[in-house]
Amino acid sequence: MNERYIQVPMSRVNDDLHGPGAIWEGIQMTIRIVTDSTCDLPEYVVAKYGITVVPLYINFGTESYLDGVELSREEFYRRLPEHDPPPTTALPGPQRFLQAYERLAAEGATEILSIHISVSLSGTVNVAHLAAQEMTSVPVTVLDSGTLSMGTGFLVWSAAQAAAEGCSMDEIVALVEEQGQRTHVFAALDTLEFLRRSGRMNRVMAALGSWLQMKPLLKMYQGSPTAERVRTTEHATNRLISLLSGLAPLEKVALVHTHALDRAEELRHRAQHLLPEGDLLSVDITPVFGVHLGPGAVGFACVTARET
């Protein structure tokens, strides 16, 4: 049984590296990994593998904050319910990515792999492509993860481990693409209000959903976001467990939630029999998603086991 449960608070992610180049167990890494702050990777993973994380922006009116750097989860969710107009998000410009790529090249990188949130949800990967086209000193490969949150995070983590082990770029890309085919993210929302406020759902549907106690369940697989309509919180929890059970056996799992640790803990307890051995991450996901999902959303990011 999995008895270890690790709550990961907002990681201190930024686009600065820790020291002159990444070294993993004495190996100088020449292929370096870049991602964006929507990946929700724990800080210790980012630091261990010298992963460069380019932050998106959270905007409250005229105030703009670097995601994961300048605004805590607590402050974000304190301000979210009453702030008018609703907060918005913004992409980093190509120059931010280009600066990150050039810095890694100056530190000894011979190749760079840049992995980002699905293009179906954000234009981040397109911005990274623009920057990569301007990069002349070393080749930059840009990949659309086809997923979000710790779905992307697990792909980035695997890529960084493979780079540390001395794998070639072709081998790392193949590994990421194969794992991406086994990566699923799904979560149940507590309210439709924030989808309505952010413009992702019209007012009539939001009012109807509230009247019916609707708890939308959002799913992401291979770049395709889909949704189910579920009645009540209990039904939503049961459906999350059913989806996880249908994907078992599982290689990797993370609990993902929007400032809802109690609900995440309850979900972990209910899903205990389906979880792989070892530590289980519980991630309070980026406000980039919280803007649309609101507080109280909870779900899973998981990677299915390879078929034998």
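Before you click on anything, one bit of vocabulary: a helix axis here is a line fitted to C-alpha atoms over the stretch in contact, and the angle between two axes runs from 0 to 180 degrees between their N-to-C directions. Keep in mind, too, that this is a predicted model.

**Stop 1: helices 5 and 6**

Select residues 149–164 for helix 5 and 169–180 for helix 6; their axes lie 9 Å apart and the packing angle is about 150°. That angle makes helix 5 roughly antiparallel to helix 6, since anything over 145 degrees falls in that class. The crossing of this pair is right-handed.

Now show side chains. On the helix 5 side, the residues that meet the partner are Phe 154, Leu 155, Ser 158, Ala 159, Ala 162 and Ala 163. Facing them from helix 6 you'll find Ile 172, Leu 175, Val 176, Gln 179 and Gly 180.

**Stop 2: the whole protein**

Zoom out for a moment. The protein has 11 helices and 16 strands. Of its 308 residues, 56% are buried. As for contacts between residues at least 6 apart in sequence, 78% of them join residues at least 24 apart.

**Stop 3: helices 3 and 4**

Next, pick residues 94–106 (helix 3) and 124–134 (helix 4). How do these two cross? Their axes come within 8 Å, at an angle of roughly 55°. So helix 3 is oblique to helix 4, and the crossing is right-handed.

Helix 3 brings Pro 94, Phe 97, Leu 98 and Tyr 101 to the contact. From helix 4 come Thr 124, Val 127, Ala 128, Leu 130, Ala 131, Ala 132 and Glu 134.

Stay on one of those, Thr 124, which sits in helix 4. Is Thr 124 buried or exposed? Its relative accessible area is 0%, so Thr 124 counts as buried. Look for Ser 122 as well: its side chain and that of Thr 124 are joined by a polar contact of 2.7 Å. If you skip residues up to four places away in sequence, Thr 124 touches Asp 36, Leu 56, Leu 91, Phe 97, His 116 and Ile 117.

**Stop 4: a three-stranded sheet**

Switch to the cartoon view and find strands 6, 7 and 8. They form an open sheet with antiparallel pairing, and the order is 7-6-8. Strand 7 (63–66) and strand 8 (88–90) are at the edges; each has a single partner strand, so one side of each has no neighbour in the sheet. On average, neighbouring strands here are turned by 30° against each other, direction ignored.

Select residues 57–60 to light up strand 6, which is joined to strand 7 by four bridges. For a pair to click on, try Ile 58, which stands opposite Tyr 65 of strand 7. While you're looking at side chains, here's a handy rule: in a regular strand they alternate between the two faces of the sheet.

**Stop 5: Arg 79**

From Tyr 65 you can hop straight to Arg 79, as these two are in contact. Arg 79 belongs to helix 2 (residues 73–79). With a relative accessible area of 15%, Arg 79 is buried, because the cut-off for that label is under 20%. Besides Tyr 65, Arg 79 also contacts Phe 60 and Glu 63, leaving aside neighbours within four places in sequence. Phe 60 is 19 residues away along the chain, and 8.8 Å separates its C-alpha atom from that of Arg 79.

**Stop 6: strand 14**

For the last stop, select residues 250–257, which make up strand 14. Seven of its eight residues are buried, so strand 14 is largely enclosed by the rest of the structure.

Which strands pair with strand 14? One is strand 16 (residues 298–304), antiparallel to strand 14 over seven bridges. Click Lys 252 and then Val 303, its bridge partner in strand 16. Another is strand 15 (residues 280–284), which pairs with strand 14 in the parallel sense over four bridges. There, Val 256 stands opposite Val 283.

Finish on His 257, also in strand 14. His 257 has a relative accessibility of 1%, so it counts as buried. Then add Ala 260 to your selection: its backbone nitrogen lies 2.9 Å from a polar atom of the His 257 side chain.

Key
Residues numbered from 1 in each chain as written. Predicted model: local features only at pLDDT ≥ 70, side-chain atom pairs only at ≥ 80, totals over all residues. Heavy atoms only, no water. Pairing = 2+ DSSP bridges. Helix = DSSP H or I, 4+ residues; strand = E, 2+ residues; numbered from the N terminus. Buried < 20%, exposed > 50% of the residue type's maximum accessible area, 1.4 Å probe, protein only. Polar contact = N/O pair within 3.5 Å; in protein donor to acceptor, adjacent residues only side chain to side chain. Parallel < 35°, antiparallel > 145°, perpendicular 65-115°, else oblique. Left-handed = near helix turned anticlockwise from the far one by under 90°. Contact = heavy atoms within 4.5 Å.
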